[in-house]
Amino acid sequence: MDSSLKELKKMIESSKAELVFINSMGEAFVNDKLKDIINLIKNKGVAVRLLSNGYILGREKYMKIANLCDEVIGEIKVASENHFQKIQRPIEGYTLENAQSTV
């Protein structure tokens, strides 16, 4: 991951980015380095927009990370449990019913 952070830093510097949009395949908050990624971007004076599945934003741990961002977009895109598990790729143990009760 350190090499990825170094590469991100170089890309931000060389492109003179004004905004970095963080999107992931599944839930961005499951990346244990997300806070480091956001801090690197913010330390370069660049705005951060984070796309989240939104279903865990009510947890204090994730709220603190979300509050580091300039913008957080949370959305659930499916209506069935099967699709929720396949497309949203939630953290272990989360169901669509859990997600709907926290959004």
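This dialogue reads through a predicted model of one protein, feature by feature.

Colleague: Where should I begin, and how many helices and strands does the protein have?

Modeller: Begin with the inventory of elements. The secondary structure here comes to 5 helices and 3 strands. Following the sequence, their pattern is α-β-α-β-α-β-α-α. The C-alpha trace spans about 45 × 20 × 20 Å along its principal axes.

Colleague: Next I would look at the sheet. In what order do the strands stand, and is the pairing parallel or antiparallel?

Modeller: To read a sheet, take the order of its strands and then the sense of each pairing. The 3 strands form an open sheet in the order 1-2-3, with parallel pairing. Strand 1 and strand 3 are at the edges and have a single partner strand each, so one side of each lacks a neighbour in the sheet. From one strand to the next, the twist averages 15°.

Colleague: Which residues can I use to follow the pairing of strand 1 with strand 2?

Modeller: Strand 1 covers residues 19–22 and strand 2 covers residues 47–52; they are joined over 4 bridges. One place to look is Phe21 in strand 1, whose bridge partner in strand 2 is Arg49.

Colleague: And how many bridges hold strand 2 and strand 3?

Modeller: That parallel pairing also runs over 4 bridges, with strand 3 at residues 71–74. Arg49 turns up again, with Glu71 of strand 3 as its bridge partner. Leu50 has Val72 as its partner in strand 3.

Colleague: How does the chain get from one parallel strand to the next, and what is the hand of the unit made by strand 1, helix 2 and strand 2?

Modeller: Follow the chain from strand to helix to strand. Strand 1, helix 2 (residues 34–43) and strand 2 make a β-α-β unit that is right-handed. From strand 2 the chain crosses through helix 3 (residues 60–66) to strand 3, and this crossover is right-handed too.

Colleague: Which strands does helix 2 touch?

Modeller: Helix 2 packs on the sheet and touches strand 1 and strand 2. Its direction makes about 155° with the direction of strand 2.

Colleague: Now the interior. How many residues are in the largest nonpolar core, and which have the most contacts inside it?

Modeller: A core is read by its members and by the elements that supply them. The largest one has 26 residues, and Ile22, Phe29, Leu34 and Ile41 have the most contacts inside it. At least two residues each come from helix 1 (2–15), strand 1, helix 2, strand 2 and helix 3. Helix 2 gives the most, with 5 residues. Over the whole protein, buried residues make up 34% of the 103 residues.

Colleague: Take Phe29 as an example. What is Phe29 in contact with, apart from its neighbours within four places in sequence?

Modeller: With those neighbours set aside, the contacts of Phe29 include Leu34, Leu50, Ile56, Tyr62 and Ile65. Ser52 is on that list as well.

Colleague: Where does Ser52 lie, and is Ser52 buried or exposed?

Modeller: Ser52 lies in strand 2. Its relative accessibility is 2%, so Ser52 counts as buried, the cut-off being under 20%.

Colleague: Which side chain does the side chain of Ser52 meet in a polar contact?

Modeller: The partner is the side chain of Glu27, at 3.0 Å. Glu27 sits in the loop between strand 1 and helix 2. With a relative accessible area of 3%, Glu27 is buried as well. Beyond its neighbours within four places in sequence, Glu27 has contacts that include Asn53, Tyr55, Gln88 and Arg89.

Colleague: For contrast, consider Lys77. Is Lys77 buried or exposed?

Modeller: Lys77 is in the loop between strand 3 and helix 4 (81–88). It counts as exposed because its relative accessibility is 52% and the cut-off is over 50%. Neighbours within four places in sequence aside, Lys77 is in contact with Leu51 and Gln88.

Colleague: How far apart are Lys77 and Asn39 in space?

Modeller: They are 28 Å apart, C-alpha to C-alpha, and 38 residues apart in sequence.

Colleague: What share of the contacts between residues at least 6 apart in sequence join residues at least 24 apart?

Modeller: In this protein that share is 56%.

Definitions and conventions: Residues numbered from 1 in each chain as written. Predicted model: local features only at pLDDT ≥ 70, side-chain atom pairs only at ≥ 80, totals over all residues. Heavy atoms only, no water. Pairing = 2+ DSSP bridges. Right-handed = clockwise from strand over helix to strand, strands pointing away. Core = buried A, V, L, I, M, F, W, Y, C linked by side-chain atoms within 4.5 Å. Buried < 20%, exposed > 50% of the residue type's maximum accessible area, 1.4 Å probe, protein only. Contact = heavy atoms within 4.5 Å. Polar contact = N/O pair within 3.5 Å; in protein donor to acceptor, adjacent residues only side chain to side chain. Axes fitted to C-alpha atoms, helices over the stretch in contact; angles between N-to-C directions.
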